[in-house]
Structures are given as structure tokens and as C-alpha cells.
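Good morning, colleagues. Please have the sequence and the coordinates open before you as I speak.

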Amino acid sequence: MKPANTRAEAIALLEAVLGNRRTLDEAASGLPIEGNDADARFVMMLVLTVLRHLGQIDALLDKYIEKPLPPKRVGVRHALRIGVAQLLLLDTPPHAAVNETVEAVKRGRDAPLSGLVNAVLQKITREKPALPDALHNVPAWLRTRWEKFYGADAALAIAAVAATRPPLDLHLPAPATLPEGERLDEVMWRLPSTHASVSELPGYAEGAFWVQDIAASYPVRLLGDVRGKDVLDLAAAPGGKTAQLISAGARVTALDRAPSRIATLNENLKRLKLDAEVITADMLKWQPSKQYDAILLDAPCSATGTWRKHPEVLQLTTARDITELAKLQREMLSRAWGWLKPGGTLVYCVCSLEREEGEDQAAHFLEIHKDATLAPPHATIPAAYISDGMLRTLPSYLEGEGGMDGFFAVGLKKLA
């Protein structure tokens with residue numbers, strides 16, 4: 001039996017994501033990667049790199065392939081994508097990048113085209129062409145939207161930052177000893193993209209920190225001082241915002257519908273030595289026994305703001321998905337509003353760049369609910385991110401330090 005070929009596994013994983021339209025996490029769990037941990041990490045890095053630069057790689061390959069590949073030869077296209085990623089983005093030794101990729105093709109049903117793969121990759125090795133600009137990675141329909149919403153320069157900046165390997169942000173509720181990095185603000189610490197495994201970082205086992213992108217820390221800050229307040233955290237898993245609320249002194253009820261996500265939330269709270277009332281339920285069917293001083297709704301969304309960490313999002317999301325998610329968010333918002341005490345604040349947030357899920361959602365809510373008004377933004381959030389009382393971050397913010405996730409958040413205060 002031949003030993004595992006990491007390039008062949010990467011090809012299979014790409015097909016599981018792009019062909020079967022599954023998230024990378026889902027595809028990886030359903031397609032066990034053979035070999036040691038280093039091999040598994042290499043396969044994931046290959047696939048993540050291809051997905052982050054998919055449009056750039058395809059635009060380049062189109063110049064090197066004289067005749068379009070038949071649709072049924074998608075495995076050849078995946079192999080070429082992986083080859084380009086190794087040669088132009090990952091600094092893999094050329095002989096290993098070409099030979100191992102060609103060998104992967106020879107093992108499969110596309111073996112007759114292994115010569116084509118070899119010829120194309122050898123030519124790219126010799127010529128070392130530059131990839132086109134990062135906007136090629138954004139599907140045309142999304143690019144049009146972002147240029148309309150944010151402007152052409154901002155769309156290009158978003159694409160450029162989102163195509164890079166992201167750093168790792170840690171939320172520190174108390175001073176801790178950490179590896180070399182940089183402080184982003186009073187509670188956020190950033191490690192470079194070459195960081196060690198999270199579980200191997202000093203302080204992990206002791207619960208000294210949790211992983212949370214700096215943009216994801218802003219919605220809780222919109223609630224202001226939550227000490228001693230009863231706070232309902234909806235769609236709470238994996239628990240970063242739950243931990244943030246508890247650390248700020250709130251009495252937290254954390255709800256999520258998926259048992260697997262609740263298990264992750266409980267594991268995180270246990271490691272952090274934090275306590276909350278945790279409920280497994282669908283909020284559209286659940287009914288609380290009381291009203292809350294504050295509510296945080298981190299609603300299901302298209303997640304286009306997390307593209308740099310989950311690059312398959314742009315390939316899997318459709319305009320119809322955004323429309324359907326906006327309907328769901330609207331229903332969730334209205335239902336949660338009834339659980340808020342008069343005088344309390346509900347913060348609604350999504351990790352989406354789409355206005356239908358953000359600014360338009362907030363405007364519609366304020367138009368329908370006459371007992372709602374915008375809550376003033378809290379002082380600890382950079383003022384540059386606030387517009388018309390609503391918070392919007394883009395991946396290109398903090399560009400010099402590695403960017404951030406794209407988020408929308410708004411505080412809605414219930415009139416007494």
C-alpha cells in the first residue's frame with residue numbers, strides 16, 4: 001500500500017468544500033487526514049491558502065492552460081491550484097511541490113492528465129509570475145455590493161487583508177504571561193500569524209485567556225457596565241462573549257440550540273473557571289420565565305466578515321442566503337425584544353459585511369418598534385468605528401497590525 005500523499009488529501013478536501021459545498025471544518029471532520037500531526041497541518045495550510053487566494057490562482061492558471069479543462073476534470077484544477085499555492089505562496093521547494101502534486105494526480109482517475117499538470121507547474125516554476133490583485137478572490141456579485149457599500153478603495157483593502165493569514169487575538173481578563181506579541185487595548189493581546197497551537201500557549205490550561213478577535217469583543221462593550229445585571233446571551237456558543245460578560249460582573253444566562261456547540265461552551269467556561277446558567281434550546285421556541293436587564297443577540301449570519309479565517313465563506317454564500325438569514329434575524333430580534341426589561345439594552349450583532357444583516361436590519365427594527373431607540377456607544381470602543389450610533393468594523397481596520405473581523409453591532413435601548 002502506498003503511503004499517504006498530502007497533496008492527494010488536499011485535493012480531496014478541496015473537492016469536499018467546493019464540490020460538495022461544505023464548510024472547511026465540516027469537510028475536514030468528514031474526511032480524516034492520514035499521517036502525523038505535521039502532515040495534517042500541512043494539508044490544512046494548503047487548502048486554506050488555496051481558498052484565500054482562489055480567484056487569484058484561477059486567474060493565473062487561465063493564462064497557462066491553453067484549452068479549458070472539462071468540468072469532470074475538476075480534480076486536475078484542484079491539483080494545479082495546490083501546486084500554485086506551494087510555488088508562489090508557501091515557499092515549498094519547487095521539486096517537492098511539482099513532483100508530489102503530479103504524483104497525487106497519477107494516483108487518481110485524472111492520471112492521464114498528470115503530464116499537463118507537470119508541464120504547467122514546471123513553467124510556473126521557471127517564470128515565477130506574480131498573482132493578480134486580491135479583488136480576484138471576491139465573487140463578482142459580492143465585489144459589486146462591497147464597492148457600492150464601502151467604496152472601491154475599501155473593497156480592495158478588505159480583499160488584500162482578508163487574503164493574508166490572520167493573527168491570533170486573545171482576551172485577557174487579568175494580567176498574564178504570554179508569548180511575544182502586541183497589546184491592542186487594555187484587554188486584547190495579539191499574537192503573530194506564526195503563533196504556536198492555542199492549547200500550547202502559556203496560561204491556556206489555567207484559563208488565563210480565551211481566543212476572541214478584537215472586533216468580536218466590541219458588541220459586549222456596547223452594553224456598558226453590566227455589573228450585577230441579569231444578561232441573556234443568545235446564540236452564545238462557543239462562549240467568548242459569554243466569558244466577557246461574566247468577567248465584567250454580569251449574571252449570565254447563555255442559550256444556544258446545538259448540543260455540540262453547548263458542549264464547546266461548557267468546556268470553555270470550565271477551563272476559564274467561569275459560571276453561567278447554560279440552556280440548550282431554540283430561541284424561536286423557548287420562553288424565559290423572566291425579563292432581563294440586558295440581552296446580547298449574536299445572530300446567525302452569512303459570516304462574510306470572517307472571510308480571512310473561513311475563506312470558503314465567499315464561495316459558499318449566495319444572495320439568497322443573505323435574504324433568508326435577514327428574515328431569520330428579524331424574527332429573532334423581535335422575539336428577544338419581548339424579553340428585555342423597560343430601560344434595558346439589547347445589543348444585536350453579526351459577523352457579516354452585508355448591510356441587509358446590519359444597518360438595514362437596525363433601521364427596520366427602529367421603524368417597527370416605537371419603544372426602541374439607539375443606545376449611546378460606550379467610550380471604550382474606538383470612535384472611528386461608530387457611525388450614526390451603529391458599530392461597523394471591516395477586515396481592513398488595523399491593517400498595519402494584521403486586520404480584524406468584519407462586524408456590525410448596534411445597541412437598542414427599550415424606552416421605560
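I shall speak about the packing of helices, then the strands, and finally two buried glycines.

Please bear in mind throughout that this is a predicted model.

Let me begin with the helices. Two packed helices are described by the angle between their axes and by the distance between those axes. Helix 1, residues 6–19, packs with helix 6 at an angle of about 65°, and their axes are 8 Å apart. The crossing of helix 1 past helix 6 is right-handed. On the side of helix 1, the contact is made by Arg7, Ala8 and Ile11, and on the side of helix 6 by Ala96, Ala97, Glu100, Thr101 and Ala104. Sorted by class, the residues where helix 1 meets helix 6 are 5 nonpolar, 1 polar and 2 charged.

Helix 6 also packs with helix 7, residues 114–127; here the axes come within 9 Å and cross at roughly 165°. Helix 6 is therefore roughly antiparallel to helix 7, since an angle over 145 degrees counts as roughly antiparallel. This crossing, too, is of the right-handed kind. Helix 6 contributes Pro94, Val98, Thr101, Val102, Val105 and Lys106 to the contact, while helix 7 contributes Ser114, Val117, Asn118, Leu121, Gln122 and Thr125. The class count for helix 6 with helix 7 is 6 nonpolar, 5 polar and 1 charged.

Just before helix 6 there is a residue that deserves a word. Thr92 sits in the loop between helix 5, residues 74–88, and helix 6, residues 94–107. Is Thr92 buried or exposed? Its relative accessible area is 11%, and the cut-off for buried is under 20%, so Thr92 is buried. Apart from its neighbours within four places in sequence, Thr92 is in contact with Arg7, Phe42, Gln86 and Ala97. Two of these are already familiar to us: Arg7 and Ala97 belong to the contact between helix 1 and helix 6.

I turn now to the strands. Strands of a sheet pair through backbone hydrogen bonds, either parallel or antiparallel. This model offers examples of both kinds, and I take the antiparallel one to start with.

Four strands form an open sheet in the order 2-3-1-4, with antiparallel pairing. Its edges are strand 2, residues 182–183, and strand 4, residues 210–211, each of which pairs on one side only. Strand 2 is joined to strand 3, residues 188–191, by 2 bridges in the antiparallel sense. Within that pair, Arg183 has Trp189 of strand 3 as its bridge partner. Across strand 1, residues 168–171, and strand 3 lies helix 10, residues 214–221, which runs at about 170° to strand 3.

Next come the parallel pairs. Strand 5, residues 230–234, pairs in the parallel sense with strand 6 over 5 bridges. Val231 stands opposite Val252 of strand 6. Strand 5 also runs parallel to strand 8, to which 4 bridges join it. Here Leu234 has Leu297 of strand 8 as its bridge partner. Strand 8 in turn runs parallel to strand 9, residues 340–350, with 6 bridges between them. In that pair, Leu296 stands opposite Val347 of strand 9.

How many residues of strand 6 and of strand 8 are buried? In strand 6, residues 251–256, the count is 5 of the 6, so strand 6 is largely enclosed by the rest of the structure. In strand 8, residues 292–298, 6 of the 7 residues are buried, and the strand is mostly covered.

I close with the two glycines. Gly358 lies in the loop between strand 9 and helix 15, residues 359–368. Gly358 counts as buried because its relative accessibility is 0%. Setting aside residues within four places in sequence, Gly358 is in contact with Arg392 and Phe408.

Gly403 is located in the loop between strand 12, residues 390–393, and strand 13, residues 407–414. Gly403 likewise counts as buried, at 0% relative accessibility. What does Gly403 touch, beyond residues up to four places away in sequence? Its partners are Val161, Arg190, Arg308, Pro395, Tyr397 and Leu398. Of these, Arg190 falls within strand 3 of the antiparallel sheet, which spans residues 188–191. Finally, the C-alpha atoms of Gly403 and Ile158 are separated by 8.8 Å, although these two residues are 245 residues apart along the chain.

Thank you for your attention.

Notes. Residues numbered from 1 in each chain as written. Predicted model: local features only at pLDDT ≥ 70, side-chain atom pairs only at ≥ 80, totals over all residues. Heavy atoms only, no water. Buried < 20%, exposed > 50% of the residue type's maximum accessible area, 1.4 Å probe, protein only. Contact = heavy atoms within 4.5 Å. Pairing = 2+ DSSP bridges. Axes fitted to C-alpha atoms, helices over the stretch in contact; angles between N-to-C directions. Parallel < 35°, antiparallel > 145°, perpendicular 65-115°, else oblique. Left-handed = near helix turned anticlockwise from the far one by under 90°. Nonpolar A, V, L, I, M, F, W, Y, C, P; charged D, E, K, R; others polar.
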